[in-house]
Amino acid sequence: MNFDVRLQFAMLILCSILVFIVGTTGLSAVAVIAFLFLLSQGLIKQAFKWIIIFFGLLVCSVGLFHAPWSVLNYLNFILLIILRFIPLLMVAASLGVLPTGELVAGLKKLKIPESILLTLTVALRFFPILMDEIKMINDSAYLRGLSVRDWRNWKHPLILFEHMIVPLLMRTLKLVDDLSASASTRGIDAPGEKTSLYQIKFRQFDVVNVILIGLIGASLFL
Amino acid sequence: MITLNHVSFGYQGQSKQLKEINLKIKEGECVVITGSSGCGKTTLTRVMNGLIPHFYEGELTGNVAIKDQDTRQWPLWKIGQTVGSVFQDPKSQFFTSIVRDELAFGMGNYGASLNEMSRRLSGVLENRSLRDLEYRSLMQLSSGQKQSVAVAAAEMVQPDIYIMDEPSANLDMKATEQMRRMLLQLKEQGKTIVIAEHRLYYLTDVADRIVYMEDGRIIDLFTPEQLIAFSDEKLAELGLRGPVLTHGRSGRAGICKESEQRLNIRNLSVQYRRAKQPALRDVNLNVAKGEVVALIGKNGAGKTTLARTICGLIGEKCGTIAFNAQSVPRKRRRQQCWFVMQDTVYQLFTDSVWNEIMLNHPVTAETTARAELLLKQLHLWAIKDRHPASLSGGQKQRLVLGVGLMQQTDLMILDEPTSGLDGKNLCRVIDQIKDLRARGCGILIITHDHELVAGACDRVVKLRDGQIILNKKTSDLKLATLVHEMTNY
């Protein structure tokens, strides 16, 4: 069971503001709330994975803070930035497992214009394909000894880049063309209101999310 | 239902793809359009589902009418309510992440009510036995399941006409059989169906008429009975694939007698990280010099895993892989074998045929001479300055083969080299394989194509759940047995 998409977005936006203004204690609180947020939706594996990463890095960062060498302090700075992004990733992870249909229906309810929704629909669909394509290209690059994993190829980074981008562009051009052709045969530009299988409604379960949002807001005062 | 009157069409800036097409398709009729690659089949389907002239620009003359209405006056989205389309590559026709969303996508675009949507959804899920897959991610489905979803998604809108462009191109024989049953069911419901296809055997009891095209024109019309009665010579002349599974090319004559081994695999096991079951278990396989081995089995049986392990793309858990009787560690394997992927676009990295073949080779008199000879043998010399992306499918495939030959590899692995090819090009690939064999390469072919196995392979190796369950000479197998092995896993 997952929370109302609208509330999830509210959570994400609030969280993205908070992680940059709260202190370390506050940040830990935000991470714990994000952990509860995932847990209450049954995303147990994800929840534990992220919270362990968060506190692991936190311990490292505290350790580095006491280190006397300045090089490590720079490292610590990078670590702190990463640390601040983790609660955000946690909330986003919950949106990531939503079926795209539900996500789009939720955004529609938020009165997001149709043209943006359309772009989002195609983009969401396209990213996994793109990852797939890149994997295929990497494989064939490996077979020809052009792989990015081989350090010798980094002597000519531009050529390396070209060998990645040329096949990717060729494939993408064709896929985009096919995708949009198929979309237009399925009425994507039909006028009038589009409907969805998902009814976005506030349910009792969503009260949990409201409480979590309240809590996350309260972490500002920690 | 569909009437085409003196229809001609050329894509923008290109020569005419369709010339003077006249065709009347009645309600409830199933028409198959066939002909060699580039004959205009796909273009003709695009004219019928309105993509031409609404999506693909170009010059369209003549009249195209669907239900007596000119398609030019109909907006494309409205045509979509009457004409359902299914395309070749499932990858390029899905818009959502899970099966139920995908099925609802079309109806949602037309603003159907939630009640109506759920009612039809459960009907279609039941009818297409997709109930178990309702919440599954589309990315995880097999190609057969994906194509079932594509047909089901078209059904949701309840169109009267179905237009399909090579729906079986990516399917194995079992999934093709499923496709046949789906088509029969649609036909029973009185739907009008138009299919552009190379594979004809599964359509003989679905089709009412077969339209044969050549160079943008309709040359001939025949019934399935006439097609089945064609002699092998006539089929070869038309460049068609065999319409029946019971006879056709079979029993390869030249059986490999070489004893020199190109590839030896001993007790190979492979397990993916986080997988409970090993992907390959205790596989033993030999490929001799000049031997052609077909690797068959259903998707997920381990064919691709085996090929990828041989190339070194995946590491083995245990076992050895030896080339020319010498065990080779994973990192050096790619230098000894070459993998021709199903989609060769991924394997071309440079801006001309010549640069492609010379990539990774120092420019010396010896390499240039060898490259020139190879390109001439592969009939690519005349186009050596062209961009690889501008080549035809067959030319790309030959170029990728050439890249492998340039490396002087001992083993060639071909992944589905004949998917989506017509009879004429199938023969060309078979000739190409014979040529490879004459060079002394060992050849391993992953395939679902019974005509390729019967026409070019010395031995058939069948995998199930990561284990070899059949390893037989093709000449010992009757065509019917072969077909049976390839249809039943």
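User: Before we get to the helix on the sheet, what does contact mean here?
Analyst: This is a predicted model, and the cut-off goes by atoms rather than whole residues. Contact means heavy atoms within 4.5 Å.

User: Then which strands does helix α15 of chain B lie across?
Analyst: Helix α15 covers residues 423-438 of chain B, and its direction runs at about 150° to that of β18(B). Besides β18, α15 lies across β17 (411-415) and one more strand of chain B. The full set is β13, β17 and β18.

User: What's the strand order in the six-stranded sheet of chain B?
Analyst: The sheet is open and its pairing is mixed. Its edge strands are β16 (337-340) and β20 (467-473), each pairing on one side only, and the twist averages 20° from one strand to the next. Reading across, you get β16-β17-β18-β13-β19-β20.

User: Which residue stands opposite B:Ala294?
Analyst: Look at β13 (residues 292-296) and β18 (residues 442-446) of chain B, which pair in the parallel sense over four bridges. The partner of B:Ala294 sits in β18(B). That residue is B:Ile445.

User: In the four-stranded sheet of chain B, which strands are left without a neighbour on one side?
Analyst: That open sheet has the order β12-β11-β14-β15, with antiparallel pairing. The strands at the edges each have a single partner strand, so one side of each has no neighbour in the sheet. They are β12 (280-288) and β15 (326-327).

User: Which helix packs on that sheet?
Analyst: The helix touches β11, β12 and β14 of chain B. Its direction makes about 115° with that of β11(B). You want residues 303-311 of chain B, helix α10.

User: Over in chain A, are α5 and α6 roughly parallel or antiparallel?
Analyst: The axes of α5 (residues 100-109) and α6 (residues 114-143) come within 11 Å and cross at roughly 160°. Angles over 145 degrees count as roughly antiparallel. The two helices are therefore roughly antiparallel.

User: How do the residues of that α5(A) and α6(A) contact divide by type?
Analyst: From α5(A) come residues including A:Leu103 and A:Lys108, and these meet a set in α6(A) including A:Glu114 and A:Leu117. The split is six nonpolar, two polar and two charged.

User: Last one: is B:Thr176 buried or exposed?
Analyst: B:Thr176 is in helix α7 (residues 173-188) of chain B. Leaving aside neighbours within four places in sequence, B:Thr176 is in contact with B:Ser168, B:Leu171, B:Arg199, B:Tyr201 and B:Tyr202. Its relative accessible area is 1%, and under 20% counts as buried, so B:Thr176 is buried.

Notes. Residues numbered from 1 in each chain as written. Chains lettered and ligands numbered in written order. Predicted model: local features only at pLDDT ≥ 70, side-chain atom pairs only at ≥ 80, totals over all residues. Heavy atoms only, no water. Pairing = 2+ DSSP bridges. Axes fitted to C-alpha atoms, helices over the stretch in contact; angles between N-to-C directions. Parallel < 35°, antiparallel > 145°, perpendicular 65-115°, else oblique. Nonpolar A, V, L, I, M, F, W, Y, C, P; charged D, E, K, R; others polar. Buried < 20%, exposed > 50% of the residue type's maximum accessible area, 1.4 Å probe, protein only.
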